[in-house]
Amino acid sequence: MKLIQAKNYEEMSEKAAAFMIQQVQSKRNSVLGLATGGTVIGTYDRIVEDFKQSNTSYSEVHTFNLDEYVGMQPSDSNSYHSYMDKQLFRHINLPEDHSYLPDGMADNLQEECQRYEQLIKDSGGIDLQLLGIGQNGHIGFNEPGASFDSVTHIVNLTESTRKANARYFESIEEVPTQAITMGIATIMKSKKILLLVSGESKAEAISRLINEQIHNDNPSSVLKNHADVTIIADEEALSLL
Ligand code: GLP
């Protein structure tokens, strides 16, 4: 794993955006794996700024998001569909039918998981997967204990994850209890992975990732088995190392 240090959130976001833009410029039809959450917002902002000022084109790019809540309409302001549209999709020239997220409203959720996994395969696979990390080491919504062999599946969210994500909702009761997420094996099949880590609340997670043995108690530790992972972390996140 390659670790790039950044001073703060802004610098981390600049470096991360440059990394993603470089991917798209070097392969116009890149397949990007995308993440949601607070950590990646600054990266998307900078990708949008770059799009307005430069010739970076997303017309041949396809995107797959890591996850979506179960039981939430795509139009709900807390859905990851809405998040992606607001933060990125509507601002760049990515064709509407080139972006994919799991359908958390599907009648048959099992079938939806299989369909999503197959779509990723059919795309030729993810060239670059962007990741954040949960305080408990989750990646996507693969919570502690998740199998390293898992493909896209339905998960029950832990209380700590629901609490951490409650800041986007009126109350914790409104945070869904389940999600569809790419599995750990799905994520590990990506050709390159870019993990972003910012702030004191993630210091323990990154320190565990770097210092602990690979174990599914800490899902992020699996990244040590991947041949091409870059971590961009800010000073606060690195404060325990
Ligand atoms: C959610 C998402 C993850 C994300 C994590 C961290 O649980 N499913 O993909 O990495 O939150 O979010 P944040 O960046 O807001 O801390």
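Two strands are taken to pair if DSSP finds at least two bridges between them. On that basis, the predicted model contains an open sheet of seven strands, in which the order is S1-S10-S9-S6-S2-S3-S5 and the pairing is parallel. Strand S1 (2-6) and strand S5 (99-100) occupy the edges of this sheet; each has a single partner strand, so one side of each is left without a neighbour in the sheet. Within the sheet, strand S9 (residues 192-197) and strand S10 (residues 229-234) run parallel and are joined by five bridges, and Leu-195 stands opposite Ile-231 in S10. Helix H1 packs on the sheet, where it touches S1, S6, S9 and S10, and its direction makes about 155 degrees with that of S10.

Helix H1 spans residues 9-26 and includes Ser-13. Ser-13 has 24 other C-beta atoms within 10 Å and is therefore buried, the cut-off for this class being 20 or more. When neighbours within four places in sequence are left aside, the contacts of Ser-13 are with Gly-42, Thr-43, Asp-45 and Arg-46. A related separation is that between Ser-13 and Tyr-44, which are 31 residues apart in sequence and lie 8.2 Å apart in space, from C-alpha to C-alpha.

A further open sheet is formed by three strands in the order S4-S8-S7, and here the pairing is antiparallel. S4 and S7 are its edge strands, each pairing on one side only, and the twist from one strand to the next averages 25 degrees. S4 and S8 pair in the antiparallel sense over three bridges, and in this pairing Thr-181 in S8 is the bridge partner of Asp-67. S7 and strand S8 (residues 178-181) also pair in the antiparallel sense, over four bridges. In this second pairing, Ile-154 stands opposite Ile-180 in S8, while the bridge partner of Asn-156 in S8 is Gln-178.

The annotation of the chain was then considered alongside these elements. In an unreviewed entry, UniProt lists Asp-67, Asn-136, His-138 and Glu-143 under "active site". Of these listed positions, Asp-67 is found in strand S4, which covers residues 67-69. Asp-67 counts as buried because 22 C-beta neighbours lie inside 10 Å. Leaving aside neighbours within four places in sequence, Asp-67 is in contact with Tyr-80, Pro-102, Gly-140 and Phe-141, and also with Ala-179, Ile-180, Thr-181 and Met-182. Thr-181 thus appears among the contacts of Asp-67 and is also the bridge partner of Asp-67 in S8.

Asn-136, another position listed by UniProt under "active site", lies in the loop between strand S6 (128-131) and strand S7 (153-156). Asn-136 has 18 other C-beta atoms within 10 Å and is therefore partly exposed. Residues up to four places away in sequence not being counted, Asn-136 touches Glu-143, Pro-144, Thr-158, Ser-160 and Thr-161. Glu-143, which is among these contacts, is itself one of the residues that UniProt lists under "active site".

The surroundings of the ligand were examined in terms of proximity and residue class. Of the 14 residues around the ligand, those that come nearest are Ala-35, Gly-37, Gly-38, Thr-39 and Gly-132. By class, the shell around the ligand is made up of four nonpolar, nine polar and one charged residues.

On the scale of the whole annotated region, the unreviewed UniProt entry places the feature "domain: Glucosamine/galactosamine-6-phosphate isomerase" at residues 11-228. Over residues 11-228 the chain is 33% helix and 14% strand, and the C-alpha atoms at the two ends are 22 Å apart. Asn-211 is found in helix H7 (residues 203-211), and with 10 other C-beta atoms within 10 Å Asn-211 is exposed, since the cut-off for this class is 12 or fewer. Asn-211 and Arg-90 are 121 residues apart in sequence, and their C-alpha atoms lie 40 Å apart in space.

Terms used:
Residues are numbered from 1 along each chain as its sequence is written. This is a predicted model: local features need pLDDT of at least 70, side-chain atom pairs count only at pLDDT 80 or more; totals for chains, interfaces and linings use all residues. UniProt positions are given in the numbering used here, feature names are shortened, and annotations may be inferred rather than shown by experiment. Two residues are in contact if their C-beta atoms, placed from the backbone, lie within 7 Å. Axes are lines fitted to C-alpha atoms, for helices over the stretch in contact, and angles run from 0 to 180 degrees between N-to-C directions. A residue is near a molecule or strand if its C-beta atom, placed from the backbone, lies within 6 Å of it. Ala, Val, Leu, Ile, Met, Phe, Trp, Tyr, Cys and Pro count as nonpolar, Asp, Glu, Lys and Arg as charged, and the others, Gly among them, as polar.
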